[in-house]
Amino acid sequence: AKVQVCPDTLKADYFGPTINLAARVQSKALGGQVLVSAAVLDHLPDGGQVDYVVSSAGSFSFKGIAEPQELFAVCFPVVRYREFPKAAQELRCNRCGGTAACSRCDND
């Protein structure tokens with residue numbers, strides 16, 4: 001990832017393929033849901049240090065990313081019994097039946 005700092009506001013803007021993938025993964029998660037890529041999953045501490053359960057959320061193709069990415073749902077005790085749809089791509093617009101990020105209704 002690269003960082004560009006605005007000289008006037010001193011605010012940082014992050015960009016690059018890692019940031020792009022993180023934003024795409026985040027867009028698939030629902031409120032309270034934690035989704036991670038395989039690369040992030042490889043860096044999570046083992047279950048003895050932190051109590052969590054991991055399950056596959058499926059494989060997704062993302063704009064600007066060449067290969068489909070398998071995502072994993074990381075579930076912590078606070079949301080362990082909460083049920084989520086498989087992923088955000090399965091949600092439908094309640095107005096037209098399009099996907100959750102519906103361009104027909106501007107429903108983001």
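Is Ala38 buried, exposed or partly exposed? In this predicted model, Ala38 comes out as partly exposed, because its relative accessible area is 35%, which falls between the cut-offs of 20% and 50%. Ala38 belongs to helix α2, a short run covering residues 38-41. Setting aside residues up to four places away in sequence, Ala38 touches Glu70 and Phe72. The second of these partners sits 34 residues away along the chain, yet the C-alpha atoms of Ala38 and Phe72 are just 7.2 Å apart.

Now for the overall layout. The protein chain has two helices and five strands, and reading from the N terminus the order is β-β-α-β-α-β-β. Of its 108 residues, 24% count as buried. The accessible surface adds up to about 7,700 Å², with 53% of that belonging to carbon and sulfur atoms. As for how the chain folds back on itself, take the contacts between residues at least 6 apart in sequence: 44% of them join residues at least 24 apart.

Strand β5 turns up again and again in this picture. β5 spans residues 69-75 and pairs with β4 in the antiparallel sense, over seven bridges; in that pairing, Ser55 stands opposite Ala73 of β5. Strand β3, made of residues 34-37, also runs antiparallel to β5, and four bridges join the two. Here Ser37 is the residue facing Leu71 of β5. Six of the seven residues of β5 are buried, so the rest of the structure largely encloses this strand.

Gln69 is one of the residues of β5. A polar atom of the Gln69 side chain lies 3.1 Å from the backbone oxygen of Glu67. Leaving out neighbours within four places in sequence, Gln69 is in contact with Leu21, Gly58, Ser59, Phe60 and Phe62.

Some of those partners reappear in the largest nonpolar core, which has nine residues: Leu21, Val25, Leu35, Ala57, Phe60, Phe62, Ile65, Leu71 and Ala73. Helix α1 (17-28) and strands β4 (53-60) and β5 (69-75) each put at least two residues into this core. As a general point, nonpolar side chains in soluble globular proteins tend to be buried together.

On the aromatic side, a search of the whole structure gives one pair. The partners are Phe60 and Phe62, whose rings are stacked, with 6.2 Å from centre to centre and 25° between the planes. Both phenylalanines, Phe60 and Phe62, are buried, and both are listed among the nine core residues.

The backbone has one more spot worth a look, at Leu10. This residue has a positive phi of about 60° despite not being a glycine. For context, most residues other than glycine have a negative phi. Leu10 sits in the loop that links β1 (2-5) to β2 (12-15). With a relative accessibility of 66%, Leu10 counts as exposed, because the cut-off for that class is over 50%.

Technical notes
Residues are numbered from 1 along each chain as its sequence is written. This is a predicted model: local features need pLDDT of at least 70, side-chain atom pairs count only at pLDDT 80 or more; totals for chains, interfaces and linings use all residues. Side-chain values use heavy atoms; hydrogens and water are left out. A nonpolar core is a set of buried Ala, Val, Leu, Ile, Met, Phe, Trp, Tyr and Cys residues joined through side-chain atoms within 4.5 Å. Buried means under 20% relative accessible area, exposed over 50%, partly exposed in between (1.4 Å probe, protein chains only). A polar contact is a pair of N or O atoms within 3.5 Å; within protein, one must be able to donate a hydrogen and the other to accept it, and residues adjacent in sequence count only if both atoms are side-chain atoms. Contact means heavy atoms within 4.5 Å. Two strands pair if DSSP finds at least two bridges between them. Accessible areas come from the Shrake-Rupley method with a 1.4 Å probe; for residues, only the protein chains shown count as cover. Rings of Phe, Tyr and Trp (its six-membered ring) pair if their centres lie within 6.5 Å; planes under 30 degrees apart count as stacked, over 60 as edge-to-face and the rest as tilted.
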